[in-house]
Amino acid sequence: MMEWILTIICAVMSVVLLSGHGAFLIAGYNTSSKADKAKYDEKKLCRVMGAGFFVITVLLTALSILGENAPSWFGKFFGAAVLLDVIVLLYVSNTKCYAKDAPKAAEGDSEAAASREAGNRKVMIGSMIFTGIVFVFVGIILFTGNIHIKYGENEFTVEASYWPDRTIPYEEIEKLEIVRGVKAGSRTNGFGSFRLSMGHFKNEEYGSYIRYTYADCEETVVMDVKGTTVVLAGKDLESTEEIYRILKEKTLAQS
């Protein structure tokens with residue numbers, strides 16, 4: 001659900017800005033003086049920003065639709081496309097958005113010229129901060145996060161970034177195995193990114209099941225927990241096999 005929430009937020013901002021409104025959302029510009037704002041075509045500036053957010057919205061929509069079926073190259077493409085979008089956005093907003101009827105400094109009026117230059121820098125820096133925050137926020141959500149497993153005496157807890165943790169008593173594990181190459185299927189509820197794949201899923205092998213894995217894992221630990229299938233995986237084969245080994249030992253100790 002997280003990627004859809006991000007998509008909706010960016011879509012709303014895009015629509016508002018493309019309509020020529022929402023200037024208060026543009027950092028740097030919204031705190032400028034009236035004199036500095038008068039140098040810019042506000043509607044044009046908003047629409048340029050809206051176009052930039054529209055590109056990010058399209059990319060997030062593609063990610064949300066593809067989900068677990070996104071090709072391996074899509075992550076790099078996504079990052080490069082967002083970065084290029086930010087660069088173009090910064091250039092256009094700070095070179096093509098000046099008002100045609102903006103007051104100009106009289107020839108030789110160095111003080112007015114300096115004031116205009118300071119205003120331009122302020123808007124440029126504000127735009128960079130605004131788009132930079134969006135870029136960093138999206139990047140953090142889509143490319144970071146971890147899954148940790150804490151083993152207790154009678155139960156273990158899966159601690160996951162961006163999704164609720166889950167505690168499972170060892171005595172409730174009815175079956176435990178390690179498998180390879182089973183497709184995740186479709187996510188019905190949960191969190192997915194280029195790094196993590198978590199939540200409630202449905203596929204042909206397990207039907208409806210719960211998943212806590214890294215997105216690019218091929219080997220998974222599959223458990224039957226009181227009629228519910230739970231799938232776990234570490235960052236790589238070694239860590240996944242370690243999860244299986246420890247859980248096997250713990251469940252045998254409980255029997």
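Here are a few questions and answers on a predicted model, taking in one serine and one sheet.

Q: Why is S14 called buried?
A: Its relative accessibility comes out at 3%, and the cut-off for buried is under 20%, so S14 counts as buried. This residue sits in helix α1, which spans residues 2-18.

Q: What makes the link between the side chain of S14 and F54 a polar contact?
A: The S14 side chain reaches the backbone nitrogen of F54 at 3.4 Å. The limit for a pair of N or O atoms is within 3.5 Å, so this pair makes the cut. Setting aside neighbours within four places in sequence, S14 touches G50, F53, F54 and T57.

Q: Why do β4 and β5 count as edge strands?
A: The sheet is an open one of 6 strands, ordered β4-β8-β9-β7-β6-β5, and its pairing is mixed. β4 (173-180) and β5 (186-192) each have a single partner strand, so one side of each has no neighbour in the sheet. On average, neighbouring strands here are turned by 20° against each other, ignoring direction.

Q: How do you know that β6 and β7 pair?
A: Pairing takes at least two bridges, and 8 bridges join β6 (residues 196-203) to β7 (residues 207-214), so they qualify. The two strands run antiparallel. One of the matches is M198 with its bridge partner Y212 in β7.

Q: Which strands does helix α6 lie across?
A: Helix α6 (residues 237-254) lies across β4, β8 (219-225) and β9 (228-232), and runs at about 160° to β4.

Technical notes: Residues numbered from 1 in each chain as written. Predicted model: local features only at pLDDT ≥ 70, side-chain atom pairs only at ≥ 80, totals over all residues. Heavy atoms only, no water. Helix = DSSP H or I, 4+ residues; strand = E, 2+ residues; numbered from the N terminus. Buried < 20%, exposed > 50% of the residue type's maximum accessible area, 1.4 Å probe, protein only. Polar contact = N/O pair within 3.5 Å; in protein donor to acceptor, adjacent residues only side chain to side chain. Contact = heavy atoms within 4.5 Å. Axes fitted to C-alpha atoms, helices over the stretch in contact; angles between N-to-C directions.
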